[in-house]
Amino acid sequence: MQRFAKTCEAVAATTKKLEKVSIVGDYFKSCVIDEAAISAVFLSGRPFPAWEETTLQVGGRSLWQIVSELSQKSEGEISTAYRRRGDLGAVAGDVLPQRTDQNLTVLEIERAFRQIAAARGTGSKDVLVRELLTHATPLEAKYIVKIITGDLRIGLKESLVEEAIAKTYAHPLPEVQRANMLLGDIGETTRLAAENKLSEARMRLFHPLGFMLASPIESPEEGLSYFTDAAIEDKYDGIRAQAHVSSGEVKLFSRTRDEITESFPELPGALAGLPHDAILDGEIVAWEYPAKPGDTRQIVDQVSPHADKTESGEQHVTNLGRARPFTILQQRLGRKRVSDKMLRESPVAYLVFDVLYLNGELVLDRSLLERARILDELLSAERVRHEDTRTQRTLKQGTLAFDSDAPTTPASIIRAPVFRAAFPEQLEELFVSAQSRGNEGLMIKDLNSAYTPGKRGKSWLKMKRELATLDVVVTAVEYGHGKRIGVLSDYTYAVWDTNKDRLVNIGKAYSGLTDAEIAEMTKWFLDHTVDDQGFRLVVEPKIVLEVAFNNMMKSDRHDSGYALRFPRIVRLRSDKSPEDADTIERVREIWTNQGKRAGL
Ligand code: AMP
């Protein structure tokens, strides 16, 4: 682990990507295969491969106390060090004592991580973490703590680890990227690359793939400036979900690749009836069904991406029902058990907009136009057999399916309608009608583009309501005033700097969250405080918020060099992890566009 840690130090010391890649490459060359495979996972900032559900569940507070105890420093001293370094891993490296019997291998650390993950209860986890850190040199401990907290902060993205693997084992980069995308396991990818077996990497059903991401646009003109053949869909305000369906078995995965099937017990039944094995991409949305369940069984026409009129799409949309606000869906999130009452009162729909795999074949590389055709066929042309042996109902896409366990709950799998627009005015019109349907805005997609997991490019664009919104990470919180006196309701938040190795504060907002959310967040923040400064608590940078604002200013009030005017917290983004938050580049882009609009 000492070599691993030294490699990380060297990677952090340079801003040049090529140098970072070559340092990691040299390290891989010095490793045996097992060691390289585990190191690749650690280098991507994770204790376990991305596809695995396993988590360590070690809180920042526990780590904080263990570091303080082992270093025999007071919590005040640790606080001072933390304020200087801004990272508990770095603090551990500074304060933990050096002894002669320390030194661990990467393999030993992985084994310890697995034991920690398997241990139940904070107490037993803490014992194992203490044991691990005692046997690590201070430099090793620095990186162990960083991996436990889920972020190395050395400016090394997984894509650079892929480059290093390609270079070390002499394979074309796209082959490495493809294997990693299919396996969701950079360690296994390393192993296959080292053994010249990359072509053996196969997609595994029920191991989530990365999600294709969208870039924001500022105007309808920009929305049609990158490609000519655009498919337009409503941007639904729900949560992204990838559905894996095989022989009646169904699992749903969130954007963070966590399994969320249990929160939506009405969907598996409806999806299990698909005629083929498939992986679908879509948005789960709180849904208002058009009439009493059972009364209206709508068979709807597909809106083909080839259609050049928008009217049929509009009609289609009204027939299906409409989205309800995100706050309603929020009640359903993160639940292991959903009550019948909740199923009845807050039903959801799965708005499917893409297909990644069908019947033994990955279709990612096909154009969106082709994928849309496959999806249309899958969801509507074929008759969908509902796997309910008691009733054997036969369903069609767009009909209301009824989950067998909760007969009064409608659960619809809806093909997200697709519109066309060739002129900015049409886009504007669609934008207004999407909003009137309660949706957030539009998604504009290049019909000739492939599905690129985990990538944010210009093939998918998003057009949203506000001047702009940013996804930010909460770094510190304060107690409120007036009726918010006992709760932590003022949040300081940050975006990533250029190398994504540091968070830079950009603003502070009074919470726009509900009282219940604030109460819940207060509890979370108290449990995850890393530096209690009395009136202000520095917290673990884990909570992502979406903030909207009317204007942006240059300002030296925050370390990002910018400040937001009239910031409002739109909502908690529990579906996003801190790494998904925006960067300073995005801030600069908004700043530049704002200047352009103002004619500056
Ligand atoms: P944002 O979360 O603001 O970065 O916007 C991207 C998100 O919009 C995606 O991750 C999806 O969760 C969501 N979304 C809603 N409707 C669509 C759609 N029709 N196509 C793709 N993504 C959508």
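# Exercises on a predicted model

The helices α5 and α6 cross in a right-handed sense. The structure used in these exercises is a predicted model.

**Exercise 1.** Which angle class describes the crossing of α5 and α6?

Solution.
- Step 1. Take the geometry: the two axes come within 9 Å and cross at roughly 125°.
- Step 2. Assign the class: this angle makes α5 oblique to α6.
- Step 3. List the residues that meet. From α5 these are Ile78, Ala81, Tyr82, Arg84 and Arg85, and from α6 they are Leu88, Ala90, Val91, Asp94 and Val95.

**Exercise 2.** Which parts of the chain does the salt bridge between Arg153 and Asp87 tie together?

Solution.
- Step 1. Find the contact: the side chains of Arg153 and Asp87 form a salt bridge, at 3.8 Å from N to O.
- Step 2. Place both ends. Arg153 sits in the loop between α9 (138-148) and α10, while Asp87 sits in the loop between α5 (75-85) and α6 (88-95), so the bridge ties together parts 66 residues apart in sequence.
- Step 3. Check the surroundings: Arg153 and Asp87 are both buried.

**Exercise 3.** Is Glu158, the partner of Arg46, buried or partly exposed?

Solution.
- Step 1. Identify the pair: Glu158 and Arg46 make a salt bridge whose closest N and O atoms are 2.7 Å apart.
- Step 2. Locate the pair: Glu158 belongs to helix α10 (residues 158-168) and Arg46 to the loop between α3 (33-43) and α4 (60-71), so that distant parts of the chain, 112 residues apart, are linked.
- Step 3. Compare with the cut-off: buried means under 20% relative accessible area. Glu158 has 24% and is therefore partly exposed.
- Step 4. Repeat for the partner: Arg46, with a relative accessible area of 29%, is partly exposed.

**Exercise 4.** Which residues are joined into one network by salt bridges that share partners?

Solution.
- Step 1. Start from one pair: Arg571 forms a salt bridge with Asp237, with 2.2 Å between the closest N and O atoms.
- Step 2. Place the pair: Arg571 is in strand β24 (residues 568-572) and Asp237 in the loop between β2 (230-235) and β3 (239-246), 334 residues apart.
- Step 3. Read the accessibility: Arg571 is buried at 7% relative accessible area, and Asp237 is buried at 17%.
- Step 4. Extend to the network: its members are Lys235, Asp237, Glu440, Lys464, Glu546, Arg571, Arg573 and Asp575.
- Step 5. Set this against the whole structure, where a search finds 44 salt bridges.

**Exercise 5.** Why is strand β14 largely enclosed by the rest of the structure?

Solution.
- Step 1. Count the buried residues: β14 (residues 441-446) has six residues and six of them are buried, so the strand is largely enclosed.
- Step 2. Find one pairing: β14 and β2 are antiparallel and share six bridges. Here Glu233 has Met443 of β14 as its bridge partner.
- Step 3. Find another pairing: β14 and strand β15 (residues 456-464) run antiparallel and are joined by five bridges. Leu461 in β15 stands opposite Ile444.

**Exercise 6.** Where is Glu259 placed, and which residues does Glu259 touch?

Solution.
- Step 1. Locate the residue: Glu259 lies in the loop between β4 (249-253) and α14 (266-271).
- Step 2. Read the accessibility: Glu259 is partly exposed at 34%.
- Step 3. List the contacts: leaving out residues up to four places away in sequence, Glu259 touches Glu53, Lys251, Leu252 and Phe253.
- Step 4. Add a distance: the C-alpha atoms of Glu259 and Ala243 are 9.8 Å apart, for two residues separated by 16 residues along the chain.

Conventions. Residues numbered from 1 in each chain as written. Predicted model: local features only at pLDDT ≥ 70, side-chain atom pairs only at ≥ 80, totals over all residues. Heavy atoms only, no water. Salt bridge = Lys/Arg side-chain N within 4 Å of Asp/Glu carboxyl O. Helix = DSSP H or I, 4+ residues; strand = E, 2+ residues; numbered from the N terminus. Buried < 20%, exposed > 50% of the residue type's maximum accessible area, 1.4 Å probe, protein only. Pairing = 2+ DSSP bridges. Axes fitted to C-alpha atoms, helices over the stretch in contact; angles between N-to-C directions. Parallel < 35°, antiparallel > 145°, perpendicular 65-115°, else oblique. Left-handed = near helix turned anticlockwise from the far one by under 90°. Contact = heavy atoms within 4.5 Å.
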